[in-house]
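Biologist: I am new to this structure and should be grateful for a close look at one part of it, namely the sheet and what packs against it. Please take me through that part step by step.

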Amino acid sequence: MDAADGLLLLSNQLFAMDLDTMSLKYRINAPVSVGQFLHVLHQSGLASRRPVNDLECLKGMLQNSNLIITAWDQDELIGIARSMTDFHHACYLSDLAVSQAYQGLSVGFNLQVLTQQQLGEHCKLILLSAPNSNEYYPKLGYQAHDRCWVLSRDEVLSKRAYSNAMS
Ligand SMILES: CC(C)(COP(=O)(O)OP(=O)(O)OC[C@H]1O[C@@H](n2cnc3c(N)ncnc32)[C@H](O)[C@@H]1OP(=O)(O)O)[C@@H](O)C(=O)NCCC(=O)NCCS
């Protein structure tokens, strides 16, 4: 059984982790509505860095992710780790958000542990930190990478840039 098979088996199973943290429940690939996603983005503070006014985009983000770990207090979505991955080589953790009332209770850590547990043992976790969380990831073992490159949303690939870089 490979990691992707494992995910299918685990899909939407319920995890109760860290019972000290108010009986929060964690779910793997449980359905998340756009409204619930918006709620946790606003409650966490991540809304300022996500397209919260573009509901089509939010819908696409949810529908086309293939690994979403969620944390729930009863029916309220209070934490999310949304990733795109091949389960073997690379996993891009695109959104990690925990509602402010629940921050500092290891919810963010647990969401990442559950994310990693769905991946093959050699699969790399990759993310871009929000500015105010840049000190968070090294505490968990992530290493900064000075060869990470980003093409911004409003930019297109340019051969001219390539020529300039080569000359
Ligand atoms: C960043 C975030 C996901 C962390 O989740 P969390 O559940 O609060 O984190 P944890 O409880 O697992 O924290 C583990 C440790 O990291 C520390 N920590 C939490 N947020 C931190 C931050 N922004 N910067 C530095 N350290 C941080 C905690 O104090 C804790 O340290 P301790 O064990 O020494 O007390 C959460 O604070 C959040 O949603 N922030 C706003 C949105 C955001 O910036 N998301 C990241 C986008 S890349």
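Modeller: The account below begins with the whole chain and then follows the strands in turn.

The model is predicted, with a mean pLDDT of 89 for the protein, and 83% of the residues reach 70 or more. One stretch calls for caution: over residues 1-10 the pLDDT stays under 50, and the model has 14 contacts there beyond four places in sequence. The protein has six helices and six strands, arranged along the sequence as α-β-β-α-α-β-β-β-α-β-α-α. Of its 167 residues, 26% count as buried. Among contacts with a separation of 6 or more, 61% are between residues 24 or more positions apart.

The sheet may be followed from β2 (25-28). This strand pairs with β3 in the antiparallel sense, over four bridges, and Tyr26 stands opposite Ala71 in β3. The strand β3 (67-73) is mostly covered, with five of its seven residues buried. On its way to β4 the chain makes a hairpin with two residues between the strands, where Gln74 takes a positive phi near 55 degrees. β3 and β4 run antiparallel and are joined by seven bridges; Leu67 stands opposite Ser83 in β4.

The next step leads from β4 (76-85) to β5 (90-98). These strands also form a hairpin, this one with four residues between them, and Phe87 in the turn has a positive phi of about 70 degrees. Seven bridges link β4 with β5, again in the antiparallel sense, and Met84 stands opposite Tyr92. The direction changes at the pairing of β5 with β6 (residues 124-126), which is parallel and has three bridges. In that pairing Cys91 stands opposite Leu125.

In a regular strand the side chains alternate between the two faces of the sheet. With the strands in place, the packing can be considered.

The largest nonpolar core has 26 residues, and those with the most contacts inside it are Val40, Ile69, Ile78, Ile80, Ala97, Val107 and Leu111. At least two residues of this core come from each of β2, α2 (34-44), β3, β4, β5 and α4 (107-117). The strand β5 gives the most, with five residues. Ile80 offers a view from one position: leaving aside its neighbours within four places in sequence, Ile80 is in contact with Val32, Val40, Ile68, Thr70, Asp95 and Ala97.

Val40 leads to the helix α2, where Phe37, Val40, Leu41, Gln43 and Ser44 are buried. An α-helix has 3.6 residues a turn, so residues three or four places apart point the same way. The cover over the buried residues of α2 includes α3 (55-63), β4 and β5. After α2 comes Gly45, whose phi is positive, near 100 degrees.

Finally, β5 has a part in the surroundings of the ligand as well. The shell around the ligand has 20 residues, the closest being Gln103, Gly108, Phe109, Ser133 and Tyr136. The elements β5, α4 and α5 (136-140) each supply at least two residues of this shell. By type, the shell divides into nine nonpolar, nine polar and two charged residues. The strand β5 thus appears in three settings: paired with β4 and with β6, giving the most residues to the largest nonpolar core, and supplying residues to the shell around the ligand.

Definitions and conventions. Residues numbered from 1 in each chain as written. Predicted model: local features only at pLDDT ≥ 70, side-chain atom pairs only at ≥ 80, totals over all residues. Core = buried A, V, L, I, M, F, W, Y, C linked by C-beta atoms within 7 Å. Buried ≥ 20, exposed ≤ 12 C-beta atoms within 10 Å, placed from the backbone. Contact = placed C-beta atoms within 7 Å. Near = placed C-beta within 6 Å. Nonpolar A, V, L, I, M, F, W, Y, C, P; charged D, E, K, R; others polar. pLDDT = per-residue confidence, 0-100. Pairing = 2+ DSSP bridges.
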